[in-house]
Amino acid sequence: MKITLYYFLLLVLFFSCAPKPFPANEKTYDTNLTTLKETISNKEAQTLPLIPFVPIPIDTLYRQQLHTYKDTLFKMNAASLQNGISTEWVSSVNFNLRKPNFVIIHHTAQDSLPQTIKTFTKTTTQVSAHYVIGDDGKVVQMLNDYLRAWHAGNGSWGKNTDLNSCSIGIELDNNGTEPFSEMQINSLLALLTKLKKDYNIPQQNFIGHADVAPSRKKDPSALFPWKILAEKGFGLWPDEFLMTAPIDFNPELGLRLIGYDTKNLAAAVTAFKLHYIQNEVNNFLDPKTINTIYSIYKQQ
């Protein structure tokens, strides 16, 4: 019995002192994380066509937030599951950063670019965006593209119920009652060109805040030039000559397949028309609206 106990203790000692499995993987994993940490910590201004360089000061709180998430990324602790099993960590060497797949466009509903920047730099507001574009075309980047901004809020698009985690938020300095300036839209088009190229974002994934939150939001307003964006490859637009929808076409189902949350159908119809029938923003499902829904539905 004593001999058995002796050998048992030797085995315990051996395995407790044994090196971690796959040590080379662990080293590569840490190296890759360090590289990606530098990527998401990059705060250099991006050069856009016709846009002058804009230096953006980074405050201490921003740096603290980055360090917090860096520590989270480097955690390799075991996790206990409900069935009593604990996970085992073995580092893979094949990974990179997740990329944004949507762009959501907003208007600020405020009266100036400085006012919006002030709002987005207060912890009490709990709201932010990746980019803010001024009426004069000035572009301010406030978060690295890989970080999760708090711009979309409660909303959904198709089966995506956490848009903040998969989208880039762009705020346009506009109070919601005035036209969007030519300089502002040109800067927006330049920025969208860069983002689409950088992250291979599908054309239909350039949408508005009202699209993803039809019961809560009305931005960007009916004055926003969605047709111009669609002509440049950012978002969809109805056919010039609308085809009559089939008799058995279900417009509510069509809206859902496009991406709209139709639990409040009237709000979904209104949001759709705010985007695609901007001179008739209401909740009426008339033949023109149904045919327009069918036109966008066919482009999915």
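## Exercises on a predicted model

In this predicted model, V269, F272, K273 and Y276 of helix 9 make contact with T289, T292, I293 and I296 of helix 10. Let's start from there.

**Exercise 1.** Work out how helix 9 and helix 10 are oriented, roughly parallel or roughly perpendicular, and what classes of residue make up their contact.

*Solution.*
- Find the two elements: helix 9 covers residues 265-276 and helix 10 covers residues 287-298.
- Look at the axes, which come within 11 Å and cross at roughly 75°.
- Angles of 65 to 115 degrees count as roughly perpendicular, so helix 9 is roughly perpendicular to helix 10.
- Now sort the residues of this contact: 5 are nonpolar, 2 polar and 1 charged.

**Exercise 2.** Find the largest cavity and say which helix gives the most to its lining.

*Solution.*
- Check how many there are to pick from: the structure has 1 cavity of 30 Å³ or more.
- Take its size next; the volume of the largest cavity is about 50 Å³.
- Walk round the lining, and you'll meet G208, A210, D211, D219, P220, W226, A271, L274 and H275.
- Sort that lining by class, and you get 5 nonpolar, 2 polar and 2 charged residues.
- Ask which helices turn up repeatedly: helix 6 (209-212) and helix 9 each supply at least two residues of the lining.
- Helix 9 comes out on top, giving the most with 3 residues. That's the helix from Exercise 1, where it meets helix 10.

**Exercise 3.** Place T108 in the fold, decide whether T108 is buried or exposed, and list what T108 touches.

*Solution.*
- T108 sits in the loop that runs between strand 1 (102-107) and helix 4 (113-120).
- The relative accessible area of T108 is 12%. Buried means under 20%, so T108 is buried.
- Leaving out residues up to four places away in sequence, T108 touches T116, E171, L172, D173 and N174.

**Exercise 4.** Do the same for S128: is S128 buried or exposed, and which residues does S128 touch?

*Solution.*
- This time the loop is the one between helix 4 and strand 2 (131-133).
- S128 has 14% relative accessibility, and with the cut-off for buried at under 20%, S128 counts as buried.
- Skipping residues up to four places away in sequence, the contacts of S128 are F120, L143, A149, W150 and H151.
- Pick A149 out of that list: S128 and A149 are 21 residues apart along the chain, yet 5.6 Å separates their C-alpha atoms.

Conventions:
Residues are numbered from 1 along each chain as its sequence is written. This is a predicted model: local features need pLDDT of at least 70, side-chain atom pairs count only at pLDDT 80 or more; totals for chains, interfaces and linings use all residues. Side-chain values use heavy atoms; hydrogens and water are left out. Axes are lines fitted to C-alpha atoms, for helices over the stretch in contact, and angles run from 0 to 180 degrees between N-to-C directions. Helices (H or I, at least four residues) and strands (E, at least two) are DSSP runs, numbered from the N terminus. Angles under 35 degrees count as roughly parallel, over 145 as roughly antiparallel, 65 to 115 as roughly perpendicular and the rest as oblique. Contact means heavy atoms within 4.5 Å. Ala, Val, Leu, Ile, Met, Phe, Trp, Tyr, Cys and Pro count as nonpolar, Asp, Glu, Lys and Arg as charged, and the others, Gly among them, as polar. On a 1 Å grid over the protein atoms alone, a cavity is a set of points where a 1.4 Å probe fits but cannot get out, and a pocket is an open set with protein on both sides within 12 Å along at least five of seven lines; lining residues have an atom within 4 Å of a point. Grid points are joined across faces, edges and corners, and a volume is the space filled by probe spheres set on the points. Buried means under 20% relative accessible area, exposed over 50%, partly exposed in between (1.4 Å probe, protein chains only).
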